[in-house]
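I opened this model to work through its metal site, its enclosed space and its backbone oddities. My entries follow in the order I looked things up.

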Amino acid sequence: MLSSKMIMIVIAAIALCFIFTATPPKSYYHSLFISPSLSNNASISRHLYTLTRRPHLAATEANAEAALYVLSTFSNNQIKSHLAEYAVLLTYPDSRSMTLIRPSPEPSTTFSLRQEVYEGDPYADVADQVVPTFHAYAKSGTAKGPVAYVNYGRVEDYTTLNEIGINVSGAIVLARYGKIFRGDIVENAYNAGATGVLIYTDRKDYGGAGGDTKWFPDDRWMPPSGVQVGTVYNGAGDPTTPGWPSTIEGCERLSRDEVEKRGDVPLIPSLPISGTDGEEILRSIGGMVANNDWQGDKYAPVYRVGPGPGIIDLSYKAKEVISKIQNVIGILEGAEEPDRYVILGNHRDAWTFGAVDPSSGTAALLEVAERLGKLQKEGWKPRRSIIFCNWDAEEYGLVGSTEWVEENREMLASKVVAYLNVDYAVDGPGFKAYATPQLDQLIIEATKRVQDPDNSSQTVYQSWVKNMTYPEMGRLGDGQSDDAAFLIHVGIPAADICFANRYPVYHSMYDDFVWMSNFGDPMFSRHVAAASIWGLVALRLANEEILPLNYDSYVYELQKGAEDLDSTLSNQSISLIPLFKSIENMKRATKQINDEIKDIKDKKSWVFMWKKQPWKLREINDRLMMAERALTDKEGLSGRPWYKHLIYAPSKHNNYGSKCFPGIDDAIQNAERLNTEDSWNLVQHEIWRVSRAVTQASLVLRGGLT
Ligand SMILES: [Zn+2]
């Protein structure tokens, strides 16, 4: 006969079996998440159509309306949502004028500075809501002088001009878009002594291969009157509240003078202009013929460098307003570890209609929210909390995300597992990923499970890797989207993914739903795939008992960066031994934690641990989560204290370029210029700093005290 104790055990066992069979494993929900039954091309397309019906610039009524749309979609999918609002300095164009004065008797030209509505444009009725072309945070003022052509406006372009004896001091410079961040184009021009800057869209770069004469709406290319609007601010976040939040109830604020002294806002006026206007100005420039690689396409006039004889008379006046911006925050609380956050982020504000940038990302974010809503109906709950962030005023300088991160800095530093950004989701075929290296493996695994939207016979991974052994993984740290505050300021593992190929209508009024549905993603299947990969990466980070972060790839990247430095510095008496040693430490620490994890997984002992010793799993996960934080330094990069990450941050002269070891790189550039003992000592100092940070990261990974 069974004792009553044994009966109890049998009942408990049956109950347990029931619980285990009734609750599907997490892998079931992961497969369901990416299955065609949950994906919806039509609803993504509908979201995109709704979000882009009107231009939705930061702090406009249309963007507030879009915020409510996002908020209600979150709420309808059982994601608790609220607005996180800030009062920030934004600028809008008040007046603009530009005249080209030619040597007499030729007439002057006053430009209209307008992008043209095409025949049959379905958005003609709201074209007057498109903001006049301008540069955000540009200096108000007038400038008049002979115009000089400076190619892409890079430091090396000014070096070339110097070598051929061309001085642009007192001139207005004409640069073309495309190689470096526009804020750096203005800063480089200022450093060269220019008094004003015009930046145009060259047909060679944005007008189609071989100077094709078709453009939007007949083809994907930028129309001749199209203008790339954008910010020329070189910092991150509200320029009047550097390092602290612009809280709505009031906060400390810098004056205009103080902001200018910090060096992130331009000190000379600038305007973005169209290809047509740029070409007309180029025809008025005489002097030496520019090098071949400075020339335009086969239909363009011969480009000369000037300065003059054409004279530009330029005037720009900004309206500078403290404006209310709105981030939408949605929280899906974790069932077991609610205090660990996996964050998905995308911005909502657009310069114009923003079908690609950013609304394709917003539509994908809403698709992820809807699929997670359906999983919840099936009984799923995430282990860790999943946070949705839909940012405002990204286009002005990552303002919404930066203010929120600054406000919540300590909470985020102790709780965020990873930040997964999608600035925009789609501009064409071809998967692209940028990540801190411990996320590489996870992203690769997600792409192996999702079908390539442009080739049904293979996975996204197979198309991405092509004939190589490893796919091309980009790195973050360029400071150009909302991952910047998370990664560079706080040290949170981060990624950004998209499907991208060519996006010539970038930041122009032609980035609309028609462009997307004709050229960017006619079937909306690239949107679906982007949402699948984005959500799957988030789900695994939120659900798996042991965080799927792997530092092998980090060690490899650090080693590669150090070897590059070694060859750059081969003629100098600089020692890289401390750096190589610290990377060795990191390698050993990575092996140690990988072995510990393998051991737990082999024995399936996480189940036991989670029940009996939950702190043990938490301890391993915290080591994986916090190692990235150790790569930051409280004081930040030299002269740029907000930028705290010592491995990934923008280079000083080009925000678009991301550098490994930015502090060392800046110090080398400085030393090469000055070539003094002190300046080379500073390079050695920066090498020591990075070595100490890498050593800290390996201590965190090892999890033991010295
Ligand atoms: Zn964007």
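These notes run from the metal site to the cavities, then to single residues and the backbone.

**Ground rules.** I am working on a predicted model, where local features need pLDDT of at least 70, side-chain atom pairs count only at pLDDT 80 or more, and totals for chains, interfaces and linings use all residues. Residues are numbered from 1 along each chain as its sequence is written, and side-chain values use heavy atoms, with hydrogens and water left out.

**Zinc site.** I looked up the protein donors of the zinc ion first. They are His 347 (NE2), Asp 357 (OD) and Asp 423, the last listed with OD twice, at 2.0 to 2.7 Å from the ion. Donors here are N, O and S atoms within 2.8 Å of the metal (3.2 Å for Na, K and Ca); water is not among the atoms, so sites may look incomplete. Along the chain I read the donor spacing as H-x9-D-x65-D. His 347 sits in strand S10 (residues 337–347) and Asp 357 in helix H10 (residues 355–377), 10 residues apart. Helices (H or I, at least four residues) and strands (E, at least two) are DSSP runs, numbered from the N terminus. Next I checked the geometry. The angles among the four donor atoms run from 52 to 148°, and the site is irregular. That word covers anything that is not tetrahedral (four donors, all angles between 85 and 135 degrees), square planar (four) or octahedral (six), the latter two needing opposite donors over 155 degrees apart and all others between 65 and 115. Both His 347 and Asp 357 are buried. Buried means under 20% relative accessible area, exposed over 50%, partly exposed in between (1.4 Å probe, protein chains only).

**Cavities.** I then searched for enclosed space. There are three cavities of 30 Å³ or more. A cavity is a set of points, on a 1 Å grid over the protein atoms alone, where a 1.4 Å probe fits but cannot get out; lining residues have an atom within 4 Å of a point. The largest cavity holds about 70 Å³. A volume is the space filled by probe spheres set on the points, with grid points joined across faces, edges and corners. Which elements each supply at least two residues of its lining? They are strand S12 (416–421), strand S14 (494–499) and helix H18 (525–543). Among the lining residues I noted Asn 421, Asp 496 and Trp 534. The lining divides into eight nonpolar, one polar and one charged. Ala, Val, Leu, Ile, Met, Phe, Trp, Tyr, Cys and Pro count as nonpolar, Asp, Glu, Lys and Arg as charged, and the others, Gly among them, as polar.

**Two buried residues.** Asn 151 lies in the loop between strand S4 (141–149) and helix H5 (155–163). Its relative accessible area is 1%, so Asn 151 is buried. Val 405, in helix H12 (residues 399–407), is buried at 0%. The C-alpha atoms of Val 405 and Ala 485 are 6.4 Å apart, across 80 residues of chain.

**Backbone.** Most residues other than glycine have a negative phi, and most peptide bonds are trans. I therefore listed the exceptions. Gly 306 and Pro 307 share a cis peptide bond, omega about -5°. Gly 308 and Pro 309 share a cis bond too, omega about 5°. Pro 307 is in the loop between helix H9 (275–283) and strand S9 (311–332), and Pro 309 lies between H9 and S9 as well. Leu 113 has a positive phi, near 55°, and is buried at 8%. Leu 398 also has phi near 55°, and is buried at 5%.

How values were computed:
1 Å grid on protein atoms, 1.4 Å probe; cavity = no way out; pocket = protein on both sides within 12 Å on 5 of 7 lines; lining within 4 Å.
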